[in-house]
Amino acid sequence: MVREMYEDERKSSRLQEQLNSMREEKQLLSNQLQEMEGKLHIANMNRERMHELERQLLVAREVLAKYQLEEEVNNSSLSSNSHKNVYVGSFEKHTRGIGSKLMSKMGYEGQGLGKHA
């Protein structure tokens, strides 16, 4: 009977050691899990920030393209208008200017014709 009690105590002691070992392993795994969750959160925040920066970059590119297009249009219309203004009415040196006289009577002030004038 003493022997059985001794065996039971030994088994109980081994089970207690295994339980303590399992508790330590559980705590270690729990700490590792928390650390990994923290890293995942940081990675998600960085990814969201990256996507936000990409969206801002796209908007900036669109605005830049719009301004460049407007500048090209303005430059081309200015250069074409100044180029055209040299020739506006130059044909009248070979005519009597009846067209200009009629248009001035109707209120035309000489700024060109059409939608691009």
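# Briefing: surface patch and salt bridges of a helical model

V59, V63 and Y67 together make up a nonpolar surface patch with about 270 Å² of accessible area. The model is predicted. The protein contains two helices and zero strands, and three salt bridges are present in the structure. Of its 117 residues, 1% count as buried.

**Overall make-up**

- The area exposed by the protein is about 11,400 Å², and 57% of that area comes from carbon and sulfur atoms.
- Helix α1 covers residues 2–87.
- The share of residues that count as buried is 1%, out of 117 in the protein.

**Nonpolar patch**

- The members of the patch are V59, V63 and Y67.
- V59 belongs to helix α1.
- The relative accessible area of V59 is 47%, so V59 is classed as partly exposed, the class between under 20% (buried) and over 50% (exposed).
- V59 also passes the patch cut-off, because 47% is over the 30% relative accessible area that patch residues need.

**Salt bridge R10–E7**

- R10 and E7 are joined through their side chains in a salt bridge, with an N to O distance of 3.8 Å.
- This pair counts as a salt bridge because 3.8 Å falls within the 4 Å limit.
- Both residues sit in helix α1, three residues apart, which is about one turn of the helix.
- R10 has 39% relative accessibility and is therefore partly exposed.
- E7 has 30% relative accessibility and is likewise partly exposed.

**Salt bridge K39–E35**

- In the salt bridge between K39 and E35, the closest N and O atoms are 3.4 Å apart.
- K39 and E35 are four residues apart in helix α1, so about one helical turn separates them.
- K39 is exposed, because its relative accessible area is 54%, over the 50% cut-off.
- E35 is partly exposed at a relative accessible area of 48%.

**Salt bridge R55–E52**

- R55 and E52 form a salt bridge whose closest N and O atoms lie 2.9 Å apart.
- Helix α1 holds both R55 and E52, which are three residues apart, or about one turn of the helix.
- R55 is partly exposed, with a relative accessible area of 47%.
- E52 is partly exposed as well, with a relative accessible area of 30%.

**Background to the pairs**

- Side chains that carry opposite charge can pair when their charged atoms come close.

Conventions: Residues are numbered from 1 along each chain as its sequence is written. This is a predicted model: local features need pLDDT of at least 70, side-chain atom pairs count only at pLDDT 80 or more; totals for chains, interfaces and linings use all residues. Side-chain values use heavy atoms; hydrogens and water are left out. Patches are made of residues with over 30% relative accessible area and no salt bridge: like charges are joined within 9 Å, nonpolar side chains (Val, Leu, Ile, Met, Phe, Trp, Tyr) within 5 Å. Accessible areas come from the Shrake-Rupley method with a 1.4 Å probe; for residues, only the protein chains shown count as cover. Buried means under 20% relative accessible area, exposed over 50%, partly exposed in between (1.4 Å probe, protein chains only).
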